[in-house]
Amino acid sequence: MREPDSFPKVSLGIFPTPIHRLENISRLLGTNVLIKRDDLTGLGLGGNKTRKLEYLLADAKKQGAEIVFTTGGAQSNHAMLTAAAAGKLGMKPILILKKRGVTERLGNQLLEHLMGTDVRFVDTDDYADIYAEMDRVGKELGRPYYKIPCGGSNALGSLGYVECAREIRDQGIPVDHLICAEGSGGTMAGLALGAKLYLPDTKVYGMMVDTDPFDQITPALMREAAALLEADLTISASDFTLRDMCGPGYAIASKAGNDAVALMAEQEGIFLDPVYTGKAFAGLLEMAAEGRFGAEETVLFLHSGGAGGLFAVKM
Ligand SMILES: *Cc1c(COP(=O)(O)O)cnc(C)c1O
């Protein structure tokens with residue numbers, strides 16, 4: 001088997017990210033709740049996409065790309081971080097975004113404006129149309145280009161979270177339950193595969209914040225990433241647990257999610273976001289209320305970022 005960092009990587013973030021205990025939340029829930037601060041990855045306002053981009057943009061560089069395309073909704077944290085990273089590496093980012101969500105110069109749109117990013121909106125929900133538009137623009141510009149899928153969630157991007165699981169092992173804190181948001185799947189697939197490799201005693205939970213068939217997406221991505229790593233593993237549905245925390249819809253705030261954002265802010269002075277991490281933390285709170293965590297057990301919550309989008313929504 002290959003280690004994830006045997007693949008070409010560019011350095012974009014500051015790692016390892018800290019793990020610390022949430023003292024007040026732990027007291028409230030009667031279990032040990034720790035947080036992995038991937039909101040402090042260093043680039044932009046932090047967030048999980050940095051780990052994926054270290055692999056994806058190394059591949060873009062290797063292929064000689066001068067332009068990097070990616071996509072997402074108007075407030076995509078992934079698109080904003082891709083723009084920040086590609087620009088820093090001397091490639092031109094072009095964002096082909098879905099005309100969904102807040103398109104005014106707020107939140108991530110403001111950050112993209114500050115970076116001078118080329119942002120184009122397309123009025124479609126069909127990713128096939130969006131990737132075709134990338135090809136059209138790329139050919140029109142006549143420069144070598146690289147396309148990153150929505151969320152950076154392909155097998156190569158997922159290696160960033162396989163590596164994160166190894167980082168958690170190396171931080172030396174035994175974890176019983178590892179919880180993250182699942183939006184396009186790469187983070188969860190990487191963590192679930194990484195846990196299989198490096199944290200065999202840890203259960204991994206994906207808190208679904210979108211309505212895609214993650215029961216199929218997650219193991220498929222895990223298998224592809226395992227194949228990249230030449231890891232001889234059997235991936236099955238028992239490698240991870242999913243929980244539907246989407247509420248009224250992707251990027252539409254839920255009461256449970258907003259309450260979780262408020263609780264974390266009040267109790268710990270840490271800001272979650274309404275689209276991903278608030279809903280994911282609401283899932284953790286539900287599981288605690290259902291008595292799924294023992295008093296002596298350790299729950300690790302992945303704070304995957306999202307600060308950029310926080311300033312685009314009314315809460
Ligand atoms: C993209 C994102 C996620 C979800 O990660 P996926 O790999 O797309 O499932 C979680 N939190 C934040 C803040 C994100 O931007």
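This passage walks through the ligand site, the nonpolar cores and several individual residues of the structure shown above. The structure is a predicted model, in which local features need pLDDT of at least 70 and side-chain atom pairs count only at pLDDT 80 or more, while totals for chains, interfaces and linings use all residues. Residues are numbered from 1 along each chain as its sequence is written, and side-chain values use heavy atoms, with hydrogens and water left out.

A good place to begin is the ligand. It is surrounded by 16 residues, the closest being Lys 49, Lys 52, Ser 184, Thr 187 and Ser 304; a residue is counted here if one of its heavy atoms lies within 4 Å of the ligand. Three short distances between the ligand and the protein can be picked out. An oxygen atom of the ligand is 2.6 Å from an N or O atom in the side chain of Lys 52, and an oxygen atom of the ligand is 2.7 Å from a polar backbone atom of Gly 183. A nitrogen atom of the ligand is 2.7 Å from an N or O atom in the side chain of Ser 304. On its own the ligand has 380 Å² of accessible area, of which the protein covers 98%; such areas come from the Shrake-Rupley method with a 1.4 Å probe, and for residues only the protein chains shown count as cover.

The shell around the ligand is made up of two nonpolar, 11 polar and three charged residues. In this division Ala, Val, Leu, Ile, Met, Phe, Trp, Tyr, Cys and Pro count as nonpolar, Asp, Glu, Lys and Arg as charged, and the others, Gly among them, as polar. At least two residues of the shell come from each of H2, E7 and H7. These labels follow DSSP runs numbered from the N terminus, with helices (H or I) of at least four residues and strands (E) of at least two.

The interior comes next. In soluble globular proteins, nonpolar side chains tend to be buried together. A nonpolar core is a set of buried Ala, Val, Leu, Ile, Met, Phe, Trp, Tyr and Cys residues joined through side-chain atoms within 4.5 Å. Buried means under 20% relative accessible area, exposed over 50%, and partly exposed in between (1.4 Å probe, protein chains only). The largest nonpolar core has 53 residues, and Leu 57, Met 91, Leu 159, Ile 168, Leu 191 and Leu 193 have the most contacts inside it. Among the elements that each supply at least two residues of this core are helix H2 (49–62), helix H6 (155–171), strand E7 (177–182) and helix H7 (186–198). H6 gives the largest share, eight residues. Apart from this core lies another, of 27 residues, including Val 33, Leu 272, Val 275 and Phe 293.

Ile 168 gives a closer view of the largest core. Leaving aside neighbours within four places in sequence, Ile 168 is in contact (heavy atoms within 4.5 Å) with Ile 19, Lys 36, Ile 173, Val 175, Leu 178, Leu 199 and Leu 300.

Ile 96, in strand E4 (residues 92–98), counts as buried because its relative accessibility is 0%. The residues that Ile 96 touches beyond four places in sequence include Phe 69, Val 122, Ile 130 and Glu 133. Ile 96 and Glu 133 are 37 residues apart along the chain, with 7.8 Å between their C-alpha atoms.

Two buried residues also take part in polar contacts, that is, pairs of N or O atoms within 3.5 Å; within protein, one must be able to donate a hydrogen and the other to accept it, and residues adjacent in sequence count only if both atoms are side-chain atoms. Arg 37, in strand E2 (residues 32–37), is buried because its relative accessibility is 13%. Its side chain is joined to that of Asp 39 by a polar contact of 2.9 Å. Tyr 198 is found in helix H7 and has a relative accessible area of 9%, so this residue is buried. A polar contact of 2.8 Å joins the side chains of Tyr 198 and Glu 3.

Finally, some backbone details deserve a look. Most residues other than glycine have a negative phi, and most peptide bonds are trans. Phe 15 and Pro 16 are joined by a cis peptide bond, with omega about 0°. Glu 230 has a positive phi, near 55°, and lies in the loop between H8 and strand E9 (241–244).
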